Every structure is written in C-alpha cells, then in structure tokens.
Amino acid sequence: GPEDVSAAIQAHADGHALAGNARYAKTWDVAGERAGNEVFVDIGAIVDLLGPTLDLPDDARDILSQIGSFGFTAPSRDDQLEFHAVLTVDEP
C-alpha cells in the first residue's frame, strides 16, 4: 500500500536501503550479471530471528548458522536465458 511505499522511500533517503546491506552486496557481487527477476533471502537473519523457535538438531542448526544468504537472478540476452543462483557462506 501507499504507507509501505512511503516507508521504503524514506528508508532509502535515510540510507537504510537493502542495497547498503553487506550480505546483499556480497550475494550480487558473486552472482555476476543480473537482470530480470531476482530473489534475495538473508538466511542468516532468518535463522537469528527465529532462534530458539527453530526445532532443529544441533548439526542442522550449525550448518544453517554458517549460511549467509541466497540470491537468484535470471538475466537474458541474445535469445538466451541464464540462471544465476548463489548461496553465500559466512566465515567464522
């Protein structure tokens, strides 16, 4: 709605845009060329947010805690469609 658009514009003006997020920037740096439809998921933030509510075995929680983000983009050119998928891993 209009309130969400206004909030997004204000956040961008205040310097709190998604493009300034380090995980976001790293994901798209690795993905290379981008265009068309894109998907970005900050997996690390989701795991942190859900924290203790995630009923996972310890090994699964350890694996998820190392994942940073997931990105997908589908650039097209010269009558070809490419799929670029990136899963970043945070270094300890």
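A residue counts as exposed when its relative accessible area is over 50%, and as buried when that value is under 20%. Keep those two cut-offs in mind as we walk around helix α2 of this predicted model.

Let's start with the outward side. Ala22, Asp29 and Val30 of α2 are exposed. On the other side of the helix, which spans residues 22-31, the buried residues are Tyr24, Thr27, Trp28 and Ala31. Looking down the axis of α2, you will find these buried residues within an arc of 90 degrees, so they line one face of the helix. What do the buried residues of α2 pack against? Their partners are the strands β1 (38-41), β2 (67-73) and β5 (84-89). Just after the helix comes Gly32, with a positive phi near 80 degrees.

Now zoom in on the aromatic rings. The model has three aromatic pairs. In one of them, Tyr24 and Trp28 meet edge-to-face, with 6.0 Å from centre to centre and 80 degrees between the planes. These two residues both belong to α2 and sit four residues apart, about one turn of the helix. Both Tyr24 and Trp28 are buried; Tyr24 earns that label because its relative accessibility is 15%, against a cut-off of 20%.

Tyr24 also pairs edge-to-face with Phe40, at 5.0 Å centre to centre and 75 degrees between the planes. This pair links distant parts of the chain, since Tyr24 lies in helix α2 and Phe40 in strand β1, 16 residues apart. Put together, ring pairs join Tyr24, Trp28 and Phe40 into a cluster.

Methods:
Residues are numbered from 1 along each chain as its sequence is written. This is a predicted model: local features need pLDDT of at least 70, side-chain atom pairs count only at pLDDT 80 or more; totals for chains, interfaces and linings use all residues. Side-chain values use heavy atoms; hydrogens and water are left out. Buried means under 20% relative accessible area, exposed over 50%, partly exposed in between (1.4 Å probe, protein chains only). The arc is that of the directions from the helix axis to the C-beta atoms. Contact means heavy atoms within 4.5 Å. Rings of Phe, Tyr and Trp (its six-membered ring) pair if their centres lie within 6.5 Å; planes under 30 degrees apart count as stacked, over 60 as edge-to-face and the rest as tilted.
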